[in-house]
Amino acid sequence: MSHDPSHLEILRELLTDQLLAVLGTHHDGEPYTSLVAFAATPDLKRLFFATGRATRKHANLVADARASMLVDNRTNRPADFTEAAAATAVGIVEEIAPDERTDFEEVFLAKHPHLESFVRSPSCVPLQLRVSVYMVVTRFQHVIELHFD
Amino acid sequence: MPLVVDLRAPETREPSLVGGKGAALAMLAHHGLAVPPALCLTTAAYEIFVDGASLRPVIRQELGRKNFDDMRWEEIWDTALRIRNRFLRASVPQAVAAALAERLTSELASTPLAVRSSAPGEDAAGASFAGLHDSFVGVRGIDEVVAAVRSVWASLWTDRALLYRRELGIDPDRSSMAVVIQPLVQGEVSGVAFGVHPTRPGHLAVEAVHGLNQGLVDGTIEPDHWAIDATTGRIAAHRPPESRRRLTLSAAGTEIEDLAGAPAPLDAHRIDEITAALRTVETVFGSPQDIEWTIDAGSLVLLQSRPVTTSTTDESDKRAWYLSLTRSLDNLRGLRRRVEDDLLPAMDREADEIAGRDLESFDNRRLAAEIEDRRSTHERWVDVYWREFIPFAHGIRLFGQFYNEIVRPDDPHEFMNLLGGTPMLSLLRNRRLAELAAAIRADPQLASSLQLGELDDPDFSERVDAFLDEFGDAVYGNRAVFEDRRGLIRLLGTMAAAAPTEQAFGAKDVHEMTAAFLAAVPAARRQLAEEILDVGRVSYQLRDDDNIHIARHKALVIDAVAEGRRRLAQTPAVAEELTDPDQVVAALRHPNLVVEPATAPVALEAAEGIRPQPRQLVGQPAGPGVATGPARRITGVDDLFDIESGEVLVCDAVEPNMTFVVPMVSAVVERRGGMLIHGAIIAREYGLPCVTGVPDATSRIRTGDRLTVDGYLGIVTVVPRPADEHSEDRRATD
């Protein structure tokens, strides 16, 4: 067996250590990306994030809930080509239901306590990406998909 | 920082500028010891070169292809070969060449030179490793010096150095290399001396040869060896070599001369002088040293000094064995004679003798002894394989290195095209199969009767028998490949239904490529080139053939075990068919023994609820080209006969005894890595894309997955087959 850490371990580390992710949405086929603060549930099946109700990404998600999120640990050095890891999550975004609100705040604010007032603002929409698959990339080109059955 | 410095200048004792060897020579000169005059091309020149040619990202990418601990030695060699080729193809900056030319014109214009590696840190106290980087002797004129300097720079990244990367702290951003350039001192006698005897505590050691030191250092020439009592300075032991020989300069580089009956190269007086020098040098550096020296016109000259070489007594550290695989041409010549003239014929003779024994006439006890005898004979030949055949495979590498230095090709493995087309047994076997398939293709009646599983054509049946007589000993795992004749017939049917496959290069292509290569070699070295190519070809051929010869012995074991199983099947004490030969032997000896069959190992489970699926796997590029096709994962003999034309062969390790399926496939993917493994060699013979060293290839890829194999970049892209087709493979892994 390989001496490399498993892709699940790499994914868990990325989702725990990284604060920001690139959210990919679209509007009428026009692609759009934005940086968002995120937090993963312990089973990694959901990625929580939040945005203002008036933002372009929110409008895009209302029109089409399909989205992706990229998380990586690059450091802007040449060594990133071999040492950095990245994970792309693909799935469907939905608004957090009132009965899930406590879950959301526990997970999201534990990682981003300074965003408490933002999250509790009436104009802020708490969201979750329900992940169907992660694509984990190591060593620049080694790609393993992790599917949730 | 200066590009070229004189090692007699005081500021040159800085290892980060002139490297370990350069700094030591400067120190010796500073203390008035006799050393040859020397220039040093500083590490600043290396930095300008690698940055100008953007080589750092190349090195980083090559070293980062996979976890180093997962790389086999062959993969490390390939990695080093690719890095080296990029160095050889990069231009030496004009400023560096001009600085060298200026100093050579005035000081070292026409004399033969030694161009030596001098890496900072290689000789630091506590981490001294001799022979990891390259040095060249007999270099003449500015063009040869520039080429040798580039090769020395490249040798910072040799496979040997990569093996010791942890101790050397190898990092593309921090590693550098200086080069020492000296007039070559063509001493009458040369040698080394060790401040600490490698095996006798309380002693020093002196080794000496007639002629140049290079032959001793690279292991080509066996020296006289003296052990000296460290306290009294007296000679405690003298071990002469089997035969004395001498390395001298020649137009082609160097040559070896036999010196039958020559006296020992040193007398007691000289040994005292060398021992005294060793003590002086130890005082200069403040620690025990190993030195290289020569005697020029009667005077002792020191060529280099370094802290005593780190030696490992850890038997689990196999790196020393790997380093011993690097053989000189002279050593390979001797090994070739031994392999061709003695070992292979002896192996075949013994197989013939064993095959002549009548198993059916043996009683059970005699049969049990026969199984054990055959197994130990097979193991003995496997041991010979590791000791003698594997080192001989270095002939391929030696030619590769020589070819790349002359041709500097775009593809660092282009040299293998010149080795291809040799009459390997596996290719001969594939041709025989192709002939049988052609006979089916030409005869529709034969084809349709074979499709119905009937073999009633006596002529064709005879030809199949002839094939089995010649190649029926092939073994894969613990089974005879052709034990089921129906499998062979099915395979021939599949081959006949597809278009015939041809080897990538015919004899004419190889002849033309050879002629072009030899024309590129300077006239003085052409004969040497022909000899290295010849050894490379024999080495390449044997790399495949030796496995086929050994398989005969394994087949003989399987035959005897099968005979035992056949008898035991009628014994009530045996629960089921036994798979372990030890159990077969025990049951034959003890008829009342109750034997349970071994249980199969339990497969590892994936993490709960998460199903990993490969999308793109990175390995080593091992055969250029791109091909797409469904995967055929090989886990046993039966899978070989299920292969359909155009599928991608996916396996743990392609063995010579299964390469008969390669002409039918569109690409090869292998977990085991390296360019000189059988899969890569045979894929190249048929011009197929090949990626080796793909971690967990056989556990991640399933039969039926659609693969795109990129043999240029070493990448395999996987599109899983539809979910409803999973059942066959689940069954296979259950």
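What follows looks at chain B as a whole and then at one of its helices, α10(B). The structure is a predicted model, in which local features need pLDDT of at least 70, side-chain atom pairs count only at pLDDT 80 or more, and totals for chains, interfaces and linings use all residues. Residues are numbered from 1 along each chain as its sequence is written, with chains lettered from A and ligands numbered from 1 in the order in which they are written.

Chain B has 26 helices and 25 strands, taken as DSSP runs numbered from the N terminus (H or I, at least four residues, for helices; E, at least two, for strands). Its radius of gyration, over C-alpha atoms, is 30 Å, close to the 27 Å that the globule rule (2.2 Å times the number of residues to the power 0.38) gives for 734 residues, so chain B is as compact as a globular protein of that length. Buried residues (20 or more other C-beta atoms within 10 Å of their own, C-beta atoms being placed from the backbone) make up 43% of the 734.

Now to α10(B), residues 268-285. At 1.5 Å a residue (times one less than the number of residues), its 18 residues should span 26 Å, and the end C-alpha atoms are indeed 26 Å apart. Buried here are B:I271, B:I274, B:T275, B:A277, B:L278 and B:V281. These fall within an arc of 155° seen down the axis (using directions from the helix axis to the C-beta atoms), so they line one face of the helix. On the other side, B:A268, B:H269, B:A276 and B:T283 are exposed (12 or fewer such neighbours). After the helix comes B:G286, with a positive phi near 80°.
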